[in-house]
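Me: Please take one part of this model and examine it closely, then set it in the context of the parts around it. I would like the cut-offs behind each term to be stated.

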Amino acid sequence: MSIRATHDLHKRRFGRNLGVGLVLAAFIAIVFGLTIAKVSNGGMTFQPGTEQN
Amino acid sequence: MSDASINASSIREDEAGFGDYFALLKPRVMSLVVFTALVGLLAAPVTVHPMVGFCAILFIAIGGGASGALNMWWDADIDRVMKRTRGRPIPSGKVEPGEAMALGLALSGMSCIMLALATNVFAGAFLAFTIFFYVVVYTMWLKRLTPQNIVIGGAAGAFPPVIGWIAATGSMAVEPWLMFALTFLWTPPHFWALALFMRSDYDDAGVPMLTVTHGRRATRVHILVYTLLLALFAVGASFSGIGGPVYLAVSLVLNALFIRGAFRIWRRDEATSEADNFAVERSFFKLSLLYLFLHFGAVLAEALLKPYGLGGWG
């Protein structure tokens, strides 16, 4: 099988890599958004007497 | 690496694309998981931050998808035989079984940990138990062992509203278990109708579906009996914590239609069914999808109306 510069395989691999990239970017955005929500919602506040230095 | 260094013989024309890996997560089953978990989360008597709620549903859905990938990995041999599943990524040769297993295990771990972090440890642990139940108890153990596989395995598909509720409240209550029971009782007639019109699929694969072990006549009887039990429970639930006038109206109409469908299936013989290519069985199967969707929609409507003094009976 000959591999041309624009073989269908390249398109499929590009699509796969793009998909993984977008999923990772979305995961980062979700973790960031969740952290903001937890902090602003008081979900990550420390109890009195357990504050970190 | 340049193209010149690629060994042409190692290149597969049908190499998997991103969509093939996504298909491992059984997107259609995932939509049921998302909807029922969402109803469980929104019906809970607490307010959840929208971002936390979104994350909870997302990670429950990913957990459901991960168990789907593990199911496809384990069942690749029977998927290859059945017409309905022959086109799945592993039997069609696009994805290697080991890849599906790795994806399933990675997403299982990630979804449970992230759900625990986003909501509470109880919810994360319950999601882990659900994945274990679906993959180990149903897929690996019961599916090839007993004709009651669908009945017991149906529990796995019924857990999402319970997880949604726990994610919101951090505790257990009766209401999510009523939603669990609704899906649990709905699963057998839904799948047995499918088994009737998929005919020889399960037979060829050696899966002990009721149609194979007890015959098609017995399956028709079972559909009717389970539908009657489901109808009794579904209408009775109108007077419980998840019910109300809206739910009662929806449930009465749907159960009347569902019983009618089950009764028609029970009355038919194989010759009549084959003559019209299982039209009644197919329409019953379609109705079953609408049945569950609208019942959960009614539960959601009752929960959303409550703050305005309209939902429920009081």
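Reply: Helix H9 of chain B is mostly covered, with 20 of its 24 residues buried. A residue is called buried if 20 or more other C-beta atoms lie within 10 Å of its own, exposed if 12 or fewer do, and partly exposed in between, with C-beta atoms placed from the backbone. Helices (H or I, at least four residues) and strands (E, at least two) are DSSP runs numbered from the N terminus. The model is predicted: local features need pLDDT of at least 70, side-chain atom pairs count only at pLDDT 80 or more, and totals for chains, interfaces and linings use all residues. Residues are numbered from 1 along each chain as its sequence is written, while chains are lettered from A and ligands numbered from 1 in the order in which they are written.

H9(B) covers residues 174–197, and at 1.5 Å a residue its 24 residues should span 34 Å; the end C-alpha atoms are 36 Å apart, which agrees. The expected span is 1.5 Å times one less than the number of residues. H9(B) nevertheless bends by about 30° at B:Thr187. The bend is the angle between axes fitted to the seven residues ending at a position and the seven starting there. A proline, B:Pro188, follows B:Thr187 within four residues.

Beyond this helix, B:Met198 is placed in the loop between H9 and helix H10 (201–205) of chain B. B:Met198 counts as buried because 20 C-beta neighbours lie inside 10 Å. Its C-alpha is 9.2 Å from that of B:Met82, although 116 residues separate the two in sequence.

H9(B) is also among the elements against which the buried residues of H2(B) pack, together with helix H3 (50–74), H8 and H15 of chain B. The buried residues of H2(B) are B:Val33, B:Phe35, B:Thr36, B:Ala37, B:Leu38, B:Val39, B:Gly40, B:Leu41 and B:Ala43. The 17 residues of H2(B) should span 24 Å at 1.5 Å a residue, and the end C-alpha atoms are 24 Å apart, which agrees.

The division of chain B gives the wider setting. Domain 1 of chain B comprises 20–172 and domain 2 comprises 173–314; these bounds come from an automatic or database domain assignment. The C-alpha centres of the two domains lie 21 Å apart. Their contact takes 28 residues from domain 1 of chain B and 29 residues from domain 2 of chain B. On the side of domain 1 that touches domain 2, helix H2 (27–43), helix H4 (76–81), helix H7 (149–158) and helix H8 (160–169) of chain B each supply at least two residues. H7(B) provides the largest share of that side, seven residues. By class, that side of domain 1 has 17 nonpolar, seven polar and four charged residues. Here Ala, Val, Leu, Ile, Met, Phe, Trp, Tyr, Cys and Pro count as nonpolar, Asp, Glu, Lys and Arg as charged, and the others, Gly among them, as polar.

Another residue of chain B in a helix is B:Ala262, found in helix H13 (residues 245–267). B:Ala262 counts as buried because it has 28 C-beta neighbours inside 10 Å. Leaving aside neighbours within four places in sequence, B:Ala262 is in contact with B:Pro189, B:Ile223, B:Leu224, B:Thr227 and B:Phe284; two residues are in contact if their C-beta atoms, placed from the backbone, lie within 7 Å. By contrast, B:Gly236, in helix H12 (residues 215–236) of chain B, has 12 C-beta neighbours inside 10 Å and so counts as exposed.

The loop between helix H14 (270–275) and helix H15 (279–305) of chain B holds B:Asn277 and B:Phe278. Phi is near 55° at B:Asn277 and near 60° at B:Phe278, a positive value in a residue other than glycine in each case. B:Asn277 is exposed, with 9 other C-beta atoms within 10 Å, whereas B:Phe278 counts as buried with 21 C-beta neighbours inside 10 Å.

As to confidence, chain B averages a pLDDT of 91, and 96% of the residues score at least 70; pLDDT is the predictor's confidence in each residue, from 0 to 100. The complex is given an ipTM of 0.78 and a pTM of 0.87 by the predictor. Chain A averages a pLDDT of 78, with 66% of the residues scoring at least 70. Over residues 49–53 of chain A the pLDDT is below 50. Where pLDDT is low, the predicted coordinates should not be read in detail.
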